[in-house]
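The following questions and answers introduce a single protein structure to a reader who has not seen it before. Please view the sequence and the model first.

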Amino acid sequence: MQPNKKENVILSRKKRAAKQLHHWKRLRLKVGLGSGSWGEVLFLMIQTLIIGFLIQHLGGRTALGVLFLGVYFALVAILLSPVVPMAVITALQATNMPAVIVSRLIQAVTNYRNGHTGQLSAVTVALLFLGSLARIFTSVQETGDPLMSLTYVVSSACNGLIFSQLLYYWNVSSVADKKKKKRK
């Protein structure tokens with residue numbers, strides 16, 4: 001019994017996804033990185049895809065969400081192919097550091113200007129900070145890649161800043177909360 005056209009498309013997509021994962025593993029192992037270093041990235045990539053698609057879909061832009069998925073997979077396929085030199089991959093990895101710094105500093109400046117951390121989750125911030133500290137150790141042990149280790153050191157410092165703000169502003173409530181209490 002021959003599979004129908006729809007089954008062929010699904011099988012083709014599964015084969016392409018498996019092939020991409022194989023290339024990704026090969027690239028990470030070629031550089032000398034163990035499965036622990038790429039395994040985490042795989043799940044982060046899946047989470048990013050789901051969140052990116054859902055943001056578009058729930059905003060009523062499902063076609064844009066599908067386009068996002070297509071562009072994402074196309075970029076991953078290109079970056080994992082042997083066509084892209086390792087220097088480009090390293091440069092892209094290095095661009096992650098400014099993004100981490102800017103995103104955390106925006107949060108820290110907002111906290112400072114507001115004089116409180118608002119609804120920032122203490123558990124989430126603590127886990128981000130502790131996780132990035134642990135990631136320094138694991139990246140040094142598993143990869144020995146100084147750029148990856150430096151990225152986690154910088155991330156830990158930025159997460160530590162936000163964590164320290166959370167502790168500093170622990171009992172401070174927002175202006176809106178103070179107004180609600182006065183009304184009661």
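The turns below go from the overall fold to individual residues.

This is a predicted model, in which local features need pLDDT of at least 70 and side-chain atom pairs count only at pLDDT 80 or more, while totals for chains, interfaces and linings use all residues. Residues are numbered from 1 along each chain as its sequence is written, and side-chain values use heavy atoms, with hydrogens and water left out.

Q: How many helices and strands does the protein chain have?
A: Helices (H or I, at least four residues) and strands (E, at least two) are DSSP runs, numbered from the N terminus. Along the sequence, the protein chain follows the pattern α-α-α-α-α-α-α-α. The count is therefore 8 helices and 0 strands.

Q: What percentage of the residues of the protein chain count as buried?
A: Buried means under 20% relative accessible area, exposed over 50%, and partly exposed in between, with a 1.4 Å probe and protein chains only. The protein chain has 184 residues. Of these, the buried share is 26%.

Q: Which helix supplies the largest share of the largest nonpolar core?
A: A nonpolar core is a set of buried Ala, Val, Leu, Ile, Met, Phe, Trp, Tyr and Cys residues joined through side-chain atoms within 4.5 Å. The largest one has 5 residues, namely Leu-42, Met-45, Leu-49, Val-76 and Leu-80. Both α2 (35-58) and α3 (62-80) supply at least two residues of this core. The largest share, 3 residues, comes from α2.

Q: Which helix supplies the largest share of the nonpolar patch?
A: Patches are made of residues with over 30% relative accessible area and no salt bridge (a side-chain nitrogen of Lys or Arg within 4 Å of a carboxyl oxygen of Asp or Glu); like charges are joined within 9 Å and nonpolar side chains (Val, Leu, Ile, Met, Phe, Trp, Tyr) within 5 Å. On the surface, Leu-64, Leu-67, Val-71, Leu-75, Leu-79, Val-88 and Leu-92 form such a patch, with about 560 Å² of accessible area together, areas being computed by the Shrake-Rupley method with a 1.4 Å probe, and only the protein chains shown counting as cover for residues. At least two residues come from each of α3 and α4 (86-94). The largest share, 5 residues, comes from α3.

Q: Is Leu-92 buried or partly exposed?
A: Leu-92 has its place in helix α4. Its relative accessibility is 41%, so Leu-92 counts as partly exposed.

Q: How many residues apart in sequence are the parts that the pair of Phe-129 and Phe-163 ties together?
A: Rings of Phe, Tyr and Trp (its six-membered ring) pair if their centres lie within 6.5 Å; planes under 30 degrees apart count as stacked, over 60 as edge-to-face and the rest as tilted. Among the 3 aromatic pairs of the structure, Phe-129 and Phe-163 form a stacked one, 5.5 Å centre to centre with 15° between the planes. Because Phe-129 lies in helix α6 (residues 122-142) and Phe-163 in helix α7 (residues 146-168), the number of residues apart is 34.

Q: Which residues is Phe-53 in contact with, leaving aside its neighbours within four places in sequence?
A: Phe-53 lies in helix α2 and is partly exposed, with a relative accessible area of 21%. The C-alpha atoms of Phe-53 and Gly-65, 12 residues apart along the chain, are separated by 4.5 Å. With contact meaning heavy atoms within 4.5 Å, the residues are Thr-62, Gly-65, Val-66, Phe-68 and Leu-69.
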